[in-house]
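Open the model in your viewer and keep the sequence panel visible. The stops below go from the charged side chains to the whole chain and then to one pair of helices.

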Amino acid sequence: MDQRRTNKISRLIQKELGQMFQEETQTMRGVMISVTEVRVTPDLSSARVYLSIFPDEQSDHLLNQIKNNSSSIRGELGNRIRSQVRHIPELIFEKDMSEEYARRIDQLLDGIREE
């Protein structure tokens with residue numbers, strides 16, 4: 001499969017899911033869900049969706065709810081992008097760990113500076 005096509009579909013899915021989560025979380029005060037990255041397999045059968053959830057205390061609970069509702073989220077996504085994509089990939093939601101990873105690196109660097 002063409003790399004440009006998978007990148008285009010990844011960006012499209014990221015944009016649409018981001019809008020969907022933004023619309024859903026408007027009613028929930030103090031909760032923000034961002035789609036940080038989407039990786040689509042070359043055969044377009046599945047898409048790994050990385051989510052950043054704020055506040056971090058609720059992230060595991062919200063991620064479980066999202067995973068439990070992945071089929072309805074996929075259906076809504078299909079309604080939104082059906083004119084652009086023939087097959088809607090299976091959505092696999094995961095927590096984006098990059099922020100925690102960066103925070104840990106900062107802590108380690110601060111520890112080195114103090115020594």
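Start with the charges: select Lys and Arg in one colour, Asp and Glu in another. This is a predicted model, and in it the protein has 17 positive and 19 negative charges, with mean positions 10 Å apart.

Next, show the surface of the whole protein. About 8100 Å² is exposed, and 46% of that area comes from carbon and sulfur atoms. Of the 115 residues, 32% count as buried.

Now switch to a cartoon. What secondary structure does the protein have? There are four helices and three strands, and along the sequence they follow the pattern α-β-β-α-α-β-α. Reduced to its C-alpha trace, the protein spans about 60 × 35 × 20 Å along its principal axes.

Turn on contacts between residues at least 6 apart in sequence. Of these, 60% join residues at least 24 apart.

For the last stop, select residues 3-25, helix α1, and residues 70-81, helix α3. Two packed helices are described by the angle and the distance between their axes. Here the axes come within 10 Å and cross at roughly 115°, and the crossing of α1 past α3 is right-handed.

Which residues make the contact between α1 and α3? Show these side chains as sticks:

- From α1: Leu 12, Ile 13, Glu 16, Leu 17, Gln 19, Met 20, Phe 21 and Glu 23.
- From α3: Ile 73, Glu 76, Leu 77, Arg 80 and Ile 81.

Key: Residues numbered from 1 in each chain as written. Predicted model: local features only at pLDDT ≥ 70, side-chain atom pairs only at ≥ 80, totals over all residues. Heavy atoms only, no water. Helix = DSSP H or I, 4+ residues; strand = E, 2+ residues; numbered from the N terminus. Buried < 20%, exposed > 50% of the residue type's maximum accessible area, 1.4 Å probe, protein only. Contact = heavy atoms within 4.5 Å. Areas by Shrake-Rupley, 256 points an atom, 1.4 Å probe, with all protein chains shown as cover. Lys, Arg positive; Asp, Glu negative; His and termini not counted. Charge placed at Lys NZ, Arg CZ, Asp CG, Glu CD. Axes fitted to C-alpha atoms, helices over the stretch in contact; angles between N-to-C directions. Left-handed = near helix turned anticlockwise from the far one by under 90°.
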